[in-house]
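Me: I am new to this structure and would like to go through it step by step. Could you show it to me before we begin?

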Amino acid sequence: MTSGQIWLVIGLCALVTALIKGAGPVALGGRELPAWFNGVIQLMAPALLAALVCVSALADHDQWAIGADTAGVAAGGVVLWRGANVVVGVVVAAAVTAAIRAL
Amino acid sequence: MTEATATPRERFRAGFRAAVPYAIAGFVLSMSFGVLATDAGFSTLAAIVMSAIVFAGSAQFTALSVVAAGGSVGAAVLGAALMNSRFLPMGVALAPSLPGPAWKRGAQGQAVVDSSWAMALQGDGTFDRWFLFGGTGVQYLTWFSGTVVGTFAGGVEVEKLGLDAVYPTFFLALLLAELRSGRAKSAAALGAVIALALVPVAPAGIPILVASLAALIGLRWRDADGDAAEGDPR
């Protein structure tokens, strides 16, 4: 890709991101939404976050893939589960991943 | 801290403080973005400007992976857009909590990033917007500065240092904080299954967007202890 094309990617990504983030608040703001909607919202975060974690830890592009990073994320998950801070979890995940790759 | 007991300034500071651990982890993440972007042919300035004006980790990594693999401009932008499509339902959820005319609400909606959005959500389904702004503010600072450091730290081997495990772990920390009810756990499990099932057949980003349907399906469930969520339509 040329430098001009890279700048085009950056500009379009910024534009699209702003449109996506702004769409909901512009279209729906200041309005009372039905009560069941709040129930959906409470469940949206766990569903989206679990999907992000699994896709990033268990897949590469369009196929499932288990690697050193999967083990690292699992190790990070264990220390987080035991109450560790996100920084500690991230450091453990990176260290375990690096250690496995160094074997 | 609730809106009733704190001034906007206090809520902003509370959000800022609560997001510091995520901001530190984000610094490491954006540093690896800076390294990978310059490796993929981005100029130092381009990598830094991208973090400054896009400010969306998963979308930036998606676009970068397309560029690095020799893909087209359209594919890179589409990949980033699909990855960011989760901000659409998140923005819809946030909308009723934002005051002011449409353009102002749209501007405030730019403050949505995963961690601050999740932390600003209150028990009644509304969001504390000042908490959101504070949480996003501190993460913007470290996202930007991490990229600057990364672009000047050329030659760092991201995989060798295990830095590719930082991103999933970052979101895992957010997820664990969300798993308070049986319904939340079920929605998470279903979202994960939907996303993984779609990975081999759908373009990047779509599996995560479709996983948000788990929240709609989850409404029909009851918690293990028999309590339905407030406002359950049944």
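**Chain A and its partner**

Reply: Chain A has a radius of gyration of 19 Å, whereas a compact globule of 103 residues would have one near 13 Å. The radius is taken over C-alpha atoms, and the globule rule is 2.2 Å times the number of residues to the power 0.38. This is a predicted model, in which local features need pLDDT of at least 70 and side-chain atom pairs count only at pLDDT 80 or more, while totals for chains, interfaces and linings use all residues. Residues are numbered from 1 along each chain as its sequence is written, and chains are lettered from A and ligands numbered from 1 in the order in which they are written.

Me: What box do the C-alpha atoms of chain A fill?

Reply: Along the principal axes, the box is roughly 55 × 45 × 25 Å.

Me: And how many helices and strands are there in chain A?

Reply: Chain A has four helices and two strands, in the order α-α-β-β-α-α along the sequence. Helices (H or I, at least four residues) and strands (E, at least two) are DSSP runs, numbered from the N terminus.

Me: What share of the residues of chain A count as buried?

Reply: The share is 50% of the 103 residues. A residue is buried if 20 or more other C-beta atoms lie within 10 Å of its own, exposed if 12 or fewer, and partly exposed in between, with C-beta atoms placed from the backbone.

Me: Next topic: how many residues does the contact take from each chain?

Reply: Chain B gives 94 residues and chain A gives 73 residues; two residues are in contact if their C-beta atoms, placed from the backbone, lie within 7 Å. On the side of chain B that touches chain A, the largest share, 12 residues, comes from helix α10 (residues 166-178) of chain B. That side of chain B divides into 67 nonpolar, 17 polar and 10 charged residues. Here Ala, Val, Leu, Ile, Met, Phe, Trp, Tyr, Cys and Pro count as nonpolar, Asp, Glu, Lys and Arg as charged, and the others, Gly among them, as polar.

Me: How do α2 of chain A and α11 of chain B cross?

Reply: The axes of helix α2 (residues 35-58) of chain A and helix α11 (residues 182-198) of chain B come within 7 Å and cross at roughly 40 degrees. Axes are lines fitted to C-alpha atoms, for helices over the stretch in contact, and angles run from 0 to 180 degrees between N-to-C directions. The two helices are therefore oblique to each other; angles under 35 degrees count as roughly parallel, over 145 as roughly antiparallel, 65 to 115 as roughly perpendicular and the rest as oblique.

Me: Which residues meet there?

Reply: Among them are Leu43(A), Pro46(A) and Leu58(A) in α2(A), and Arg183(B), Gly191(B) and Leu196(B) in α11(B). By class, this contact of α2(A) with α11(B) has 17 nonpolar, one polar and one charged residues.

Me: Now a single residue: is Ala19(B) buried or exposed?

Reply: Ala19(B) counts as buried because it has 26 C-beta neighbours inside 10 Å. Ala19(B) is found in the loop between α1 (8-18) and α2 (20-39) of chain B. Leaving aside residues up to four places away in sequence, Ala19(B) touches residues including Ser115(B), Met119(B) and Gln139(B).

Me: And where is Ser145(B) found?

Reply: Ser145(B) is in helix α9 (residues 129-152) of chain B. With 18 other C-beta atoms within 10 Å, Ser145(B) is partly exposed.
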